Amino acid sequence: APVAEGRDAPDGFVALADVAPGIRQDVRYATPHNFTGDTVDGYRAPVCLLTREAALALRAAHRALAERDLGLLVYDCYRPQRAVDRFLRWADDPRDGGTRDEYHPRVPKERLFDEGYLAARSGHSRGSTVDVTLRRASGEAVDMGTPFDFFDPRSAPASRDVGKGARAARALLAAALTDAGFEPVATEWWHFTLREEPFPDTYFDFPVTRGAVAGGGGGGGGG
Ligand SMILES: C[C@@H](N)C(=O)N[C@H](C)C(=O)O
Ligand SMILES: [Zn+2]
């Protein structure tokens, strides 16, 4: 599958904040608050970029959840291939880096790719995959039993090893996203890919910046 180089997003990508300003954004890989312990290559701004189709589908899910006084909070959207390559180097580096307790206490980092928690060719690089959770009207994230990017069997959407409330919240998130056209994965409750994605075979590598998309939008908080 080709990796498309370039400085800017191709036509067809949008800033989620321009399409759905009510969806909150906490783009962790643009900060040190993620499993690598460092800001990740290619994330130059904490903004969510997606294909227009994925952004519109996400907006539909967010609007449907509003009937329950809930909304969405995204943790990751389009991910440049260079960020994925950074994850690969991180997993290959025997040094611990101090994030194991918080993110993968039971699964050693060298197993994270083989066990499906990380992907060498990620749907995120195709621009129609999101890491997302539920949030209350106050903005507070809903308890899903495990945190975002907790690489562990308990993060499987179907895990029986989390409380009843978290299981219900995972089911609600999955139903909202599935109804809007996304597909879940078996390993991570937060990860969804648009079923009819516009770039199914292309892995992009333009950096995440505020100016990457036409119109240049993409403000962080998305209030
Ligand atoms: C790293 C995690 N947030 C994620 O997205 N994992 C999947 C498997 C991926 O890397 O595509
Ligand atoms: Zn993901």
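A disulfide is a pair of cysteine sulfur atoms within 2.5 Å, and in chemical terms a disulfide is a covalent bond between the sulfur atoms of two cysteines. The structure above is a predicted model, in which local features need pLDDT of at least 70 and side-chain atom pairs count only at pLDDT 80 or more, while totals for chains, interfaces and linings use all residues. Residues are numbered from 1 along each chain as its sequence is written, chains are lettered from A and ligands numbered from 1 in the order in which they are written, and side-chain values use heavy atoms, with hydrogens and water left out.

The predictor's confidence in each residue is called pLDDT and runs from 0 to 100; the mean for this chain is 94, and 96% of its residues reach 70 or more. For the complex, the predictor gives an ipTM of 0.99 and a pTM of 0.95.

A search of the whole structure finds one disulfide, which joins Cys48 to Cys77 with an S to S distance of 2.0 Å. The link of Cys48 and Cys77 is left-handed, with -100° about the S-S bond. Because Cys48 lies in the loop between β3 (24-25) and β4 (49-51), and Cys77 in the loop between β5 (70-76) and α3 (81-92), the pair ties together parts that are 29 residues apart in sequence. Helices (H or I, at least four residues) and strands (E, at least two) are here DSSP runs, numbered from the N terminus. Both Cys48 and Cys77 are buried, a word that means under 20% relative accessible area, with exposed meaning over 50% and partly exposed in between (1.4 Å probe, protein chains only).

We turn next to strand β6. Seven of the eight residues of β6 (residues 129-136) are buried, so this strand is largely enclosed by the rest of the structure. Two strands pair if DSSP finds at least two bridges between them; β5 and β6 pair in the antiparallel sense over six bridges, and Leu70 stands opposite Arg136 in β6. Strand β8 (residues 191-194) also runs antiparallel to β6, joined to it by three bridges, and Thr193 in β8 is the bridge partner of Thr129.

These strands also lead to the zinc ion (ligand 2), whose protein donors are His124 (NE2), Asp131 (OD) and His191 (ND1), lying 1.9 to 2.0 Å from the ion. Asp131 in strand β6 and His191 in strand β8 link distant parts of the chain, 60 residues apart. Donors are N, O and S atoms within 2.8 Å of the metal (3.2 Å for Na, K and Ca), and water is not among the atoms, so sites may look incomplete. The site of the zinc ion (ligand 2) is tetrahedral, with angles of 93 to 134° among its four donor atoms, the term requiring that all angles of four donors lie between 85 and 135 degrees. Asp131 counts as buried at 1% relative accessibility, and His191 counts as buried at 13%.

Methods:
Tetrahedral: all angles 85-135°; square planar, octahedral: opposite > 155°, others 65-115°.
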